[in-house]
Amino acid sequence: MNSIDNQLLLKLNSMVGKNPVVDVLVQLLVNEYFVPVSLSLVLLFMWFGAKELENLRWKLGAINAAVGVGIVNIIVATSNIFYFRDRPFMHLDVNLLFYRPTDSSFPSNAAAVAMALAIGISLHEKRLAPLVLPLAASIGVARVMAGVHYPSDVLAGWIVGALAAFIALLITNFLRPFIERLILAAKNLGLA
């Protein structure tokens, strides 16, 4: 696996440094701001921009996605206590297009958070899936291309993110009567 991981990383990473447009796109997608902020704006739209017919479903989707992010952070932080993986740039000659993170490379926290958000949104509004799922996938691919993650780090992050979104769905479904009362209270206060 390690050999395939290295080969795929080097293949994707070899695409950077040759075309300034590709480099700019990778630098935009690799950072911790563009994709998470874009997905967060979708959550804000779901919370505040829903039509009356979609109101409850979209708000539940926003809550589900937020709970999924919380679960992802717990899983990744716990994983990092027990397992630390060096970043690719520490062992391979890569074209680094990002700063040198010092935390564990496995699993990719950025990929996990993005996927938890995207799947949490998609579970409640399938029409948004063609927008949010590729956006979530793009941060993982960009992080491999930029030389800060191995492909297996990203794959593990996507799996953890998906798992967290489904766990969050179970939790929010279980707590749905309570959550609906909170949404109603927030609406009465002008917060929803």
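**Figure 1. The largest nonpolar core of the predicted model.** This core comprises 56 residues. Met46, Val72 and Ile121 have the most contacts inside the core. Two or more core residues come from each of the helices α1 (2-13), α2, α3, α4, α5, α6, α7 (151-174) and α8. Helix α5 supplies the largest share, with 11 residues. In soluble globular proteins, nonpolar side chains tend to be buried together.

**Figure 2. Surroundings of isoleucine 121.** Neighbours within four places in sequence are left aside in this view. Isoleucine 121 is then in contact with Leu39, Val42, Leu43 and Met46, and also with Ala65, Leu128 and Val132. Of these partners, Leu39, Val42, Leu43 and Met46 are buried residues of α3.

**Figure 3. Helix α3 and its buried residues.** Helix α3 covers residues 34-48. Because the expected rise is 1.5 Å a residue, its 15 residues should span 21 Å, and the end C-alpha atoms are indeed 21 Å apart. The buried positions of α3 are Val35, Ser38, Leu39, Val42, Leu43, Met46 and Trp47. An α-helix has 3.6 residues a turn, so residues three or four places apart point the same way. The buried residues of α3 pack against five helices: α2 (20-30), α4 (55-82), α5 (109-124), α6 (129-145) and α8 (176-188).

**Figure 4. Lysine 59, a buried residue of the model.** Lysine 59 belongs to helix α4. Its relative accessible area is 2%, under the 20% limit, and lysine 59 therefore counts as buried. When residues up to four places away in sequence are not counted, lysine 59 touches Met46, Trp47, Ile183 and Ala192. Met46 and Trp47 are themselves buried residues of α3, and Met46 is among the residues with the most contacts inside the largest nonpolar core.

**Figure 5. The cis peptide bond between phenylalanine 106 and proline 107.** The omega angle of this bond is about -15 degrees. Proline 107 is placed in the loop between α4 and α5. Most peptide bonds are trans.

**Figure 6. The largest pocket and its lining.** The volume of the largest pocket is about 170 Å³. Its lining consists of 14 residues, and Glu32, Asp103, Asn109, Ala110 and Arg143 lie nearest the centre. By class, the lining has 6 nonpolar, 4 polar and 4 charged residues. Helix α5 gives the most to the lining, with 3 residues; α5 is also the source of the largest share of the nonpolar core shown in Figure 1.

Conventions. Residues numbered from 1 in each chain as written. Predicted model: local features only at pLDDT ≥ 70, side-chain atom pairs only at ≥ 80, totals over all residues. Heavy atoms only, no water. Helix = DSSP H or I, 4+ residues; strand = E, 2+ residues; numbered from the N terminus. Expected span 1.5 Å × (residues − 1). Buried < 20%, exposed > 50% of the residue type's maximum accessible area, 1.4 Å probe, protein only. Contact = heavy atoms within 4.5 Å. Core = buried A, V, L, I, M, F, W, Y, C linked by side-chain atoms within 4.5 Å. 1 Å grid on protein atoms, 1.4 Å probe; cavity = no way out; pocket = protein on both sides within 12 Å on 5 of 7 lines; lining within 4 Å. Points joined across faces, edges and corners; volume = space filled by probe spheres on them. Nonpolar A, V, L, I, M, F, W, Y, C, P; charged D, E, K, R; others polar.
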